[in-house]
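Here is a short briefing on backbone geometry and charged side-chain pairs. Look over the structure, then read the points by topic.

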Amino acid sequence: MRLQTLIVILLTVAAAGFADAKTVRVQPIAPGAPLLDRPARPRPAPFVADATISIMTEALSATAGSDEDSIGEIARAFASAGLQRILPVRGLGPIANMKDLLHMRGIDMAVVNADILAYARATGDLRGIDTRLSAVTKLYDKTVFLVAAADVAGVADLANQRVLVPGADSDSFVTARALFSELAVPAEVTGLPLGEAIGELANGKAKALLLTLEEDDETLATLPPGKGLHLLSIPEGPGLAKIYGRRSLSPDDANGLAPAAGVSTVTVASLLATFNWRPTHARFAPVLQFVRSLPKVVDQLRTTDAKGFWRGLDGRAELPGWQRYEPARPIIAAIVPLVTPMTAPLAAKAAPAAKAPATSSALGTTLAAVAPAVAAPEPAQAPAVAAVAPIPVDVAAIASTGLTNQKDSKGGMLAEIVSASLKTEAAAIAWQSDETSLLSWLSEGTSARIGLPLAKPDCDHTSDLVGRAAALCEKLAFSKPIFQTLEVLFVRHGSDVTFERDEQMIGRSVCAPTGSNLSSLDSAGRRWVKEDLITVLQRPSLAACFAALDHGETDAVFTDDLGGRAVLEQIGLGDKIEVARRPVATNDICAVAAKDNLDGVAALKRLDAGIAALKADGRYAAIVLGRIGKQQLSGNVPAVQ
């Protein structure tokens with residue numbers, strides 16, 4: 001009996017002690033036989049009460065960077081919202097941090113560069129990292145700068161040469177080992193303190209220095225002039241494309257170390273990673289609780305945006321080489337970027353499309369579309385083919401605050417993007433008074449006609465649409481999103497109308513300008529207007545709605561974030577009124593054409609290709625940032641995507 005009892009005890013301890021293991025049901029040895037001389041302890045609950053989340057950041061020896069600052073900001077935001085306690089933990093370096101995340105008790109998550117997986121493959125270190133760890137979300141990108149001595153012409157020249165990095169267990173060390181392994185260049189990677197590494201490079205004791213730097217890092221400015229130091233281009237390849245993004249660097253981007261033609265380098269993503277906690281593990285519930293709160297906290301951080309990247313955080317962004325943590329996937333996907341151009345890595349500069357000849361129509365000079373892509377060169381023996389000029393495109397627009405503006409010489413931001421995509425000026429835009437007149441204009445005439453800007457309804461689920469939204473999907477073709485805006489609720493500072501949950505708006509009053517599209521107030525299962533769950537006040541203008549909010553006549557104002565903030569700035573109420581914590585809806589802003597206008601539909605395809613080219617070479621970002629970027633990052637203008 002003693003042996004049988006011992007076996008049962010061992011099975012019981014194993015079942016209780018290994019929460020990741022399969023549940024073991026222990027049956028008594030014989031009916032009525034006691035298992036223990038004393039009452040057995042109850043099995044521990046599957047989840048512990050401690051909901052504190054610990055997140056490892058960079059090395060103790062490193063200067064605080066965006067990863068430590070960002071986790072600190074998350075911790076403060078969680079605390080101010082009365083949520084979990086977040087405990088930032090400074091580690092010994094990325095390699096040690098990954099080992100701690102794999103093996104150390106009490107470490108739930110870590111911030112890590114995406115190429116740590118490639119490092120593990122190259123070195124044989126960190127076994128199990130690819131199966132035991134997953135990515136929660138991408139945070140931001142760092143740029144790789146490969147600074148070489150004067151006599152080094154290319155990366156291949158670094159074979160069997162000494163390449164320095166700042167620190168033996170640093171992000172730069174991990175990137176150097178992974179990068180040279182993927183390039184099949186057997187460089188001798190050596191970690192030294194940054195100042196010592198710069199000195200040895202300048203004195204000819206090493207051939208290159210590899211740095212992974214965040215935006216606005218001034219390290220390149222500390223390199224000594226007059227030594228012939230320059231940046232090397234990092235060649236492209238299918239292996240690298242699975243690990244890194246790409247970016248073109250101009251001389252201004254590289255403190256004069258790049259030639260006038262620029263160099264092409266790579267970017268490495270910084271990720272928030274976690275152990276693959278299973279539902280049976282005690283840490284699963286606290287980690288999932290953290291994930292569920294993260295979208296709300298990101299919305300809060302976007303109102304301050306101390307590090308400048310929260311507005312660009314995209315929960316749907318690609319995670320190079322990583323598997324997503326599945327329980328987090330649908331939750332994190334709700335985090336959409338508000339500044340798309342700042343988050344996407346820049347691709348190599350696209351070849352310019354041929355400029356179309358100017359044309360004219362009844363509206364005057366029109367926008368000429370460009371071909372969707374540059375064709376591959378024909379073989380030498382192939383006969384020459386005469387170029388066919390693209391069909392001219394007529395463009396109409398309605399005024400939309402912050403997006404299109406008839407008084408602007410370029411027609412406003414969206415018109416400037418369309419003009420740059422279609423390679424012509426926007427002076428001949430046919431301005432329409434409202435959406436109805438725009439739709440009428442699109443249905444008239446036989447020329448290729450497109451209009452903007454319209455928010456695209458959910459045309460993939462037309463059975464859920466009624467009225468205006470259903471009609472738009474039935475009659476119109478839409479371009480890919482040119483821009484994204486948020487529909488939000490504006491509330492008074494200090495108001496109890498925080499809009500953290502939908503039910504908080506039941507019984508409240510909401511003001512909207514006369515003629516506003518209120519369909520979002522009934523979307524996502526809300527049915528606020530249809531079922532009279534809220535009181536809708538109509539005012540002749542957005543400024544009048546804000547005045548009513550300021551006077552306490554309504555609980556909130558419903559409008560788009562971009563236009564709302566612009567009007568607040570104009571009327572001087574920005575210090576009294578703020579955006580509620582959650583957006584009501586996200587709108588894809590598109591150009592449209594009538595479905596029966598085949599030339600107009602084709603023009604939308606060419607527009608999509610032109611905008612893709614703008615994004616690839618950075619001109620899209622330049623337009624957006626030139627108009628709203630610097631002000632937006634300071635929090636003085638609306639959040640946009």
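R121 is exposed, with a relative accessible area of 57%. In this predicted model, the side chain of R121 meets that of E182 in a salt bridge, 3.7 Å from N to O. A search of the whole structure finds 19 salt bridges. Three of them are covered below, followed by backbone features.

**Salt bridge E182–R121**
- E182 and R121 pair through their side chains at 3.7 Å, N to O.
- E182 sits in helix α6 (residues 171–183) and R121 in helix α4 (residues 116–123), so this pair ties together parts 61 residues apart in sequence.
- E182 is partly exposed, at 32% relative accessible area; that value lies between the 20% and 50% cut-offs.

**Salt bridge K207–D151**
- The closest N and O atoms of K207 and D151 are 2.6 Å apart.
- The pair links distant parts of the chain, 56 residues apart.
- K207 is in the loop between α7 (194–202) and β7 (208–213), while D151 is in the loop between β4 and β5.
- K207 is partly exposed, with a relative accessible area of 24%.
- D151 counts as exposed, at 55% relative accessibility.

**Salt bridge R246–E236**
- The side chains of R246 and E236 meet at 4.0 Å, N to O.
- R246 belongs to strand β9 (residues 245–249) and E236 to the loop between β8 (230–231) and α8 (238–241), so the pair ties together parts that are 10 residues apart in sequence.
- Is R246 buried or exposed? R246 counts as buried, because its relative accessibility is 15% and the cut-off for buried is under 20%.
- E236 is exposed, with a relative accessible area of 57%.

**Positive phi outside glycine**
- N160 has a positive phi, near 60 degrees, and is a residue other than glycine.
- N160 lies in the loop between β4 (133–148) and β5 (162–166). D151 is also placed in the loop between β4 and β5.
- N160 counts as exposed, at 60% relative accessibility.
- R527 is not a glycine either, yet its phi is positive at about 55 degrees.
- R527 is found in the loop between β19 (509–513) and β20 (535–539).
- R527 is partly exposed, with a relative accessible area of 37%.

**Cis peptide bond**
- Which residues does a cis peptide bond join? The bond joins L452 and P453, with omega at about -10 degrees.
- P453 has its place in strand β16 (residues 448–455).

Conventions:
Residues numbered from 1 in each chain as written. Predicted model: local features only at pLDDT ≥ 70, side-chain atom pairs only at ≥ 80, totals over all residues. Heavy atoms only, no water. Helix = DSSP H or I, 4+ residues; strand = E, 2+ residues; numbered from the N terminus. Buried < 20%, exposed > 50% of the residue type's maximum accessible area, 1.4 Å probe, protein only.
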